[in-house]
Amino acid sequence: MKKKGLFTIIVVVLLIAFGVSAFKVGSYLLEGKKAEDRYNQLSDIKANAQTTPTVPTAAATTGATEPSATTVPTAPTEPKILAEYEELYEMNSDLVGWIKIEGTKVDYPVMQTPNDVDYYLHRDFDKANSDRGAIYAREVCDVNKPSDNVTIYGHHMKDGSMFAGLNAYVNKSAWENNSLIFFDTLTEYHIYKIFAVFATSANIGEGFSYHQFVDAETEEEFDEFVATCKQLAYYDTGITPKYGDKLICLSTCEYTHGDNGRLVVAAYRIT
């Protein structure tokens, strides 16, 4: 009887453990599906705005202008937000751009909160709590100027979403197949080319503090940063950005450098 009772207890414990595990897996998959659907909606808003024709005004069609007795100088105006980002910006004014890498799942809005460090680490585009967070730029970086280096963070999700696709670039074949990153600001289109892919530790006092590099005070400081990226790189791309080039570092978790490793894809702006 005692053996039978023990067996029953073991079976019950195993069933509970299985149930808990199944619940966690189901919740993870459901959250992933919801997140994917939401980002697809945002991407559709962007795409539809791109294809919506602008209706010309009467003056534009006829060439007519309003009469004016004198010409009054006007103050400089802020750059106009690109059409595809207007609605998205109205939905969330923390939006600062959009990042995309062809052939991967990286196709997301980029957020930034200069006065709230890591706000989007565990919040999505709609500011709801999320283990996946959102793609976001480091708070001290100037995306629009831009800073000499803008660090952009994203989680490495097991389902391949967010910045998990960066892991492919530890192999040179992925770089050879596609080395371009499209990173728009709200007002300008830009293309970056990957020049180094490396891993490092994020523990304090260990590894390479790539995210601390924002603006170079000297040419030597810029060159040293680039040289360190290339020294740590998995492979040589043959590319060395020069002082004056603008850089981005895409940062995500990496698991071969302990429990706090980082994988970094560094690129420089070509257009």
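The 27 residues that line the largest pocket of this predicted model divide into 10 nonpolar, 12 polar and five charged. The space in that pocket comes to about 510 Å³. Closest to its centre, among the lining residues, are Tyr-153, Ala-202, Tyr-210, His-211 and Arg-262. Two elements, β6 (191–201) and β7 (247–254), give two or more residues each to this lining. The contribution of β7 is the most, with three residues.

**Overall architecture**

The protein chain has 271 residues, and 39% of them count as buried. Its secondary structure consists of five helices and eight strands, arranged along the sequence in the pattern α-α-α-β-β-β-β-α-β-β-α-β-β. Among contacts in the protein chain with a separation of 6 or more, 63% are between residues 24 or more positions apart. The accessible surface amounts to about 15900 Å², and carbon and sulfur atoms account for 56% of this area.

**Strand β7 and its partners**

The strand that gives the most to the pocket lining has seven of its eight residues buried, and β7 is therefore largely enclosed by the rest of the structure. β7 pairs with two strands, described here in turn. With β4 (residues 149–153), the pairing is parallel and runs over five bridges; Asn-149 has Leu-247 of β7 as its bridge partner. With β8 (residues 261–269), the pairing is antiparallel and runs over eight bridges; here Thr-252 has Leu-263 of β8 as its bridge partner.

β7 and β8 form a hairpin with six residues between the strands. In this hairpin, Gly-258 adopts a positive phi near 80 degrees.

**The enclosed cavity**

Besides the pocket, a search of the whole structure finds one cavity of 30 Å³ or more. The volume of the largest cavity is about 70 Å³. Its lining is made up of 13 residues, of which Val-143, Pro-146, Thr-185, Tyr-192 and Arg-269 are the closest to the centre. By class, seven of the lining residues are nonpolar, four are polar and two are charged. At least two lining residues come from each of β5 (180–185) and β7. Strand β7 thus appears in the description of the cavity lining as well as in that of the pocket lining.

The following table sets out the two spaces.

| Space | Volume | Number of lining residues | Nonpolar residues | Polar residues | Charged residues |
|---|---|---|---|---|---|
| Largest pocket | about 510 Å³ | 27 residues | 10 residues | 12 residues | five residues |
| Largest cavity | about 70 Å³ | 13 residues | seven residues | four residues | two residues |

**Backbone features in the loops**

Pro-146, one of the residues closest to the centre of the largest cavity, also takes part in a cis peptide bond. This bond joins Lys-145 and Pro-146, with omega at about -15 degrees. Pro-146 is located in the loop between β3 (135–137) and β4.

The loop between β2 (107–111) and β3 contains Asp-118, which has a positive phi of about 60 degrees although it is not a glycine. The relative accessibility of Asp-118 is 35%, and this residue therefore counts as partly exposed. Lys-127 is likewise placed in the loop between β2 and β3. Phi of Lys-127 is near 70 degrees, again a positive value in a residue other than glycine. With a relative accessible area of 40%, Lys-127 is partly exposed.

**Ser-161 and its surroundings**

Ser-161 is found in the loop between β4 and α4 (172–177). Its relative accessibility of 9% lies under the 20% cut-off, so Ser-161 counts as buried. When neighbours within four places in sequence are left aside, Ser-161 is in contact with Lys-105, Tyr-108, Arg-132 and His-155. Ser-161 can also be related to a position remote in sequence: Gly-32 is 129 residues away along the chain, yet the C-alpha to C-alpha distance between Ser-161 and Gly-32 is 8.3 Å.

Notes. Residues numbered from 1 in each chain as written. Predicted model: local features only at pLDDT ≥ 70, side-chain atom pairs only at ≥ 80, totals over all residues. Heavy atoms only, no water. 1 Å grid on protein atoms, 1.4 Å probe; cavity = no way out; pocket = protein on both sides within 12 Å on 5 of 7 lines; lining within 4 Å. Points joined across faces, edges and corners; volume = space filled by probe spheres on them. Helix = DSSP H or I, 4+ residues; strand = E, 2+ residues; numbered from the N terminus. Nonpolar A, V, L, I, M, F, W, Y, C, P; charged D, E, K, R; others polar. Buried < 20%, exposed > 50% of the residue type's maximum accessible area, 1.4 Å probe, protein only. Contact = heavy atoms within 4.5 Å. Areas by Shrake-Rupley, 256 points an atom, 1.4 Å probe, with all protein chains shown as cover. Pairing = 2+ DSSP bridges.
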